[in-house]
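Student: Hey, I've got a protein open on my screen and no clue where to start. Can we go through it together?

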Amino acid sequence: MKVVLFAGGLGSRLAEETTRIPKPMVEIGGKPIILHVMDIYSHWGFHDFVIAGGYKCMFIKNFFHNFHLSTADFTVALGNGSMVLKPVHPLDWNVSVVDTGLSTMTGGRLLRLRDWLDGDTFMVTYADGVGNIDLEALLDFHRSHGRLATVTAVQPPARFGNLEIEGNKVVEFTEKVRKHETWINGGFFVFEPGVLDYISGPAEPLEMAPLTNLARDGELFAYKHTGFWHPMDTVRDRDYLNGLAETDDPPWLQFERSTTTEPAAAMQPQARI
């Protein structure tokens, strides 16, 4: 099954990094965050990736073109330049990098990949967010409802203290505790080919009219993930994830088998590219 990774946005809120490299290539734990996302899929047996590039796409192309050399030990004959590579950590991934345009939005990027998707069910996510999603359970859930699209619903990471107020009186203050159920678009989609028919052109964000109309037609369901999930939108996010990535077992690779949730109505997600 193909896995599409959105990797074409400008990443302007992380400008201290993205003026020189595309956002998915920002390193956490010593390697680009896109590789951490790919590790999640690889854990569940999904190894066929299509990267939808845009901003600084050549950087991503060069990285994967040279990946085998940069991650292997080698012996080189200096007389004729012949080289023997010995991979240190062999990977059975297939990676396609497609330049889908500098200013193309997420829906348009997906539309431009139509010929790469083989007319089959495919997965989609953003190359700048990680979570310990049970992708087998996600796929089982998608197949159980039989509709065109599934979005993984997550609860946003707590950033601020929680105030409980009655009138003007604070009755409780709890630091960084989420008390109310709020669900947002966490990526990690599963789509049928018919989703592409909901996208009008390159300027359309997937998260606007396409998902809105899929929900209107009863074709969009939400898989609720209550485990770890965190995006890398800001310097603060990068530093937080970098600290977690330096552990032997980062939380996005701590998997527990989930049970398929009941179908739920999807939320209106935020637009991203």
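**Talking through the model**

Tutor: Let's start with one residue: Phe188 is found in the loop between strand E13 (184-185) and strand E14 (189-191). Keep in mind that this is a predicted model.

Student: Okay, is Phe188 buried or exposed?

Tutor: Phe188 counts as buried, because its relative accessibility is 1%, and the cut-off for buried is under 20%.

Student: What about the phi of Phe188?

Tutor: Phe188 isn't a glycine, yet its phi is positive, at about 50°. Lys56 is another residue to look at here: its phi is near 50°, also a positive value in a non-glycine.

Student: Where does Lys56 sit?

Tutor: In the loop between E4 and H3. Lys56 counts as partly exposed because its relative accessibility is 30%.

Student: Back to Phe188. Which strand residue touches it?

Tutor: Thr125 does, and Thr125 lies in strand E8 (residues 122-126). Besides Phe188, Thr125 touches Val4, Leu5, Phe6, Val37, Tyr41, Gly186 and Gly187, leaving aside residues up to four places away in sequence.

Student: Why does Thr125 count as buried?

Tutor: Because its relative accessible area is 1%. Also, Thr125 and Ala7 are 118 residues apart along the chain, while their C-alpha atoms are separated by 9.4 Å.

Student: How much of the contact list is between residues far apart in the chain?

Tutor: Take the contacts with a separation of 6 or more: 77% of them join residues 24 or more positions apart.

Student: Zooming out, how many helices and strands are there?

Tutor: There are 8 helices and 16 strands. The protein has 273 residues, and 48% of them count as buried.

Student: Which residues are at the heart of the largest nonpolar core?

Tutor: That core has 47 residues, and Leu5, Ile34, Tyr41, Phe64 and Leu135 touch the most other members. Elements that give two or more residues to this core include strand E1 (2-7), helix H2 (33-43), strand E4 (48-53) and helix H3 (57-65). H2 provides the largest share, 7 residues.

Student: What does Phe64 touch?

Tutor: Not counting residues up to four places away in sequence, Phe64 touches Ile34, Leu35, Met38, Ile51, Val95 and Val97. There's also a second, separate core of 25 residues, with Phe6, Ala52, Val195 and Ala222 among them.

Student: New topic: which residues form the nonpolar patch on the surface?

Tutor: Leu69, Phe74, Val76, Leu78, Met83 and Leu85 form it, and together they have about 550 Å² of accessible area. Strand E5 (72-76) and E6 each supply at least two residues of the patch. Val76 is found in E5, and counts as partly exposed because its relative accessibility is 33%.

Student: And how much area does the protein expose overall?

Tutor: About 13,400 Å², with carbon and sulfur atoms supplying 51% of it.

Student: What about salt bridges? How many are there?

Tutor: The count comes to 12. In one of them, the side chains of Asp233 and Arg13 meet at 3.8 Å, N to O. This pair links distant parts of the chain, 220 residues apart: Asp233 is in the loop between strand E16 (229-231) and H8, and Arg13 is in the loop between E1 and helix H1 (15-18).

Student: Are Asp233 and Arg13 buried or exposed?

Tutor: One of each! Asp233 counts as buried because its relative accessibility is 16%, whereas Arg13 counts as exposed because its value is 53%.

Student: Which residues are linked in a network of salt bridges?

Tutor: Glu16, Glu17, Arg20, Arg238 and Asp239. Within it, Arg20 pairs with Glu17, and their closest N and O atoms are 2.7 Å apart. Asp239 and Arg238 meet in a salt bridge as well, at 2.8 Å, N to O. Arg20 is exposed, with a relative accessible area of 51%, whereas Glu17 counts as buried at 10%.

Student: Last one: what's the mean pLDDT?

Tutor: The mean pLDDT is 88, and 89% of the residues reach 70 or more. Over residues 265-273, though, pLDDT stays under 50. The model has 32 contacts beyond four places in sequence for that stretch.

Key
Residues are numbered from 1 along each chain as its sequence is written. This is a predicted model: local features need pLDDT of at least 70, side-chain atom pairs count only at pLDDT 80 or more; totals for chains, interfaces and linings use all residues. Side-chain values use heavy atoms; hydrogens and water are left out. pLDDT is the predictor's confidence in each residue, from 0 to 100. Contact means heavy atoms within 4.5 Å. A nonpolar core is a set of buried Ala, Val, Leu, Ile, Met, Phe, Trp, Tyr and Cys residues joined through side-chain atoms within 4.5 Å. Buried means under 20% relative accessible area, exposed over 50%, partly exposed in between (1.4 Å probe, protein chains only). Helices (H or I, at least four residues) and strands (E, at least two) are DSSP runs, numbered from the N terminus. Patches are made of residues with over 30% relative accessible area and no salt bridge: like charges are joined within 9 Å, nonpolar side chains (Val, Leu, Ile, Met, Phe, Trp, Tyr) within 5 Å. Accessible areas come from the Shrake-Rupley method with a 1.4 Å probe; for residues, only the protein chains shown count as cover. A salt bridge is a side-chain nitrogen of Lys or Arg within 4 Å of a carboxyl oxygen of Asp or Glu.
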